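Have your viewer ready, with the cartoon on and a selection box to hand. We will go from stop to stop, and at each one I will suggest what to pick and say what is there.

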Amino acid sequence: MAVTNESERVPETPTTPVSKKSKMSTAVAIRVQRRMWGGRADTWDRHNDSGMTKVASKAIELADVAPGMDCVDLGCGTGRLTMVLAERGANVVGVDVSAEMIERLEAQPVPEGGGSVRGMVVPVERLELAPASLDLVITNYALHHLLDPDKERVVTAAFTWLRPGGKLVVADMMLGRGTTSRDREIIATKVKAMAKKGIPGYWRIMKNAGRYLFRVQERPITPEAWSRLLTRAGFVDVTTTVVVSEAAVVTGVKPQV
Ligand SMILES: C[S@@+](CC[C@H](N)C(=O)[O-])C[C@H]1O[C@@H](n2cnc3c(N)ncnc32)[C@H](O)[C@@H]1O
């Protein structure tokens, strides 16, 4: 059976009104994420996978943050990006589906001379912010958890929240489901690395294959698909930076009027 490429799964027309079925799918996805991440909040600070750290640094670099900027970090976790932005003088709202993550975020002091941090416990699918109220919308390794139509809605909403000249920075695991040679290379490398770990590695291969193939928790799409979503929402100067084989940062700017 042919596997559909993620870049082909992104609908070609802008999102139409949300059906009852789609709202239910979103509600289930949110519940799964909230349960999973609530249980990981205690140890998340220690999760310093080198790929994720590199991607986060690149996201910060591409954000061009300056003191006084108003920012939102979607799926902020315990604040890997939020705290850096605040240290550089930005006023940041960290948004996460998990109350436990936000509790840990808010427990961290912002160094003197920095900006501010405020946490919001809300799924990004249901986040409502004032139009033209932000200079930066940023996210690291969170939006691949969203269903594809919700990814598109969030990008469209981000365009509305940003002031003209504001930037969207999406850093995430970005790959399809094996139809391109890049996808196949990434999957083969991951499987080989896990297999070297013996029985625990084989167990992880099975677990990850299940999540990935059935798109239960991990729903990455390709850099090209992200880039198309941003362009379709109206962003200009859309750039893609592949940081490590399976992850990239896609950025776009809301045009000046
Ligand atoms: C892989 S962690 C990344 C956390 C953080 N951005 C970082 O770089 O360390 C994914 C985060 O996304 C959050 N998340 C997952 N689904 C979400 C949703 N629908 N709305 C808001 N946050 C969500 C999780 O609670 C978790 O904190």
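Start with the sheet in this predicted model: select its seven strands, which form an open sheet in the order 3-2-1-4-5-7-6 with mixed pairing. Now colour strand 3 (116–121) and strand 6 (236–244), the two at the edges. Each has a single partner strand, so one side of each is left without a neighbour in the sheet. As you look from strand to strand, the twist averages 15° from one to the next.

**Strands 6 and 7**

Keep strand 6 selected and add strand 7, residues 247–253. The two pair in the antiparallel sense, over six bridges. To see one of the pairings up close, pick V244 and look for its bridge partner in strand 7, A247.

**Strands 4 and 5**

Next, select strand 5, residues 162–173. Is it enclosed or open to the outside? Nine of its twelve residues are buried, so strand 5 is largely enclosed by the rest of the structure. Add strand 4 (residues 134–140), which runs parallel to strand 5 and is joined to it by six bridges. Among the residues to click here is T139, whose bridge partner in strand 5 is V170.

**Two helices**

For a helix that packs on the sheet, choose helix 6, residues 99–106. Helix 6 lies across strand 2 and strand 3, and runs at about 165° to strand 3.

Then move to helix 10, residues 223–233. Show side chains for P223, A225, W226, S227, L229, L230 and A233, which are buried. Step on to G234, which follows helix 10 and has a positive phi, near 115°.

**A loop residue: L147**

Go to the loop between strand 4 and helix 7 (148–161), where you will find L147. L147 counts as partly exposed, because 17 other C-beta atoms lie within 10 Å, whereas a buried residue would need 20 or more. Which residues does L147 touch, leaving aside its neighbours within four places in sequence? The contacts are S25, T26, A29 and R219. Try a distance label to S22 as well: the C-alpha atoms of L147 and S22 are 9.4 Å apart, although 125 residues separate the two along the chain.

**Around the ligand**

Now select the ligand and expand to the 22 residues around it. W37, G75, G77, R80 and A142 come nearest. The elements that give two or more residues to this shell are helix 2 (20–38) and strand 2 (91–96), and the largest share, three residues, comes from helix 2. If you colour the shell by class, you should get 13 nonpolar, six polar and three charged residues.

**Zooming out**

Finally, show the whole chain, with its ten helices and seven strands. Of its 257 residues, 40% count as buried. Turn on a contact map if you have one: among contacts with a separation of 6 or more, 72% join residues 24 or more positions apart.

Colour by pLDDT for the last stop. The mean for the chain is 88, and 88% of the residues reach 70 or more. Then select residues 1–14, where pLDDT stays under 50. The model has 27 contacts beyond four places in sequence for this stretch. Where pLDDT is low, the predicted coordinates should not be read in detail.

Note on methods:
Residues numbered from 1 in each chain as written. Predicted model: local features only at pLDDT ≥ 70, side-chain atom pairs only at ≥ 80, totals over all residues. Near = placed C-beta within 6 Å. Helix = DSSP H or I, 4+ residues; strand = E, 2+ residues; numbered from the N terminus. Nonpolar A, V, L, I, M, F, W, Y, C, P; charged D, E, K, R; others polar. Contact = placed C-beta atoms within 7 Å. Pairing = 2+ DSSP bridges. Axes fitted to C-alpha atoms, helices over the stretch in contact; angles between N-to-C directions. pLDDT = per-residue confidence, 0-100.
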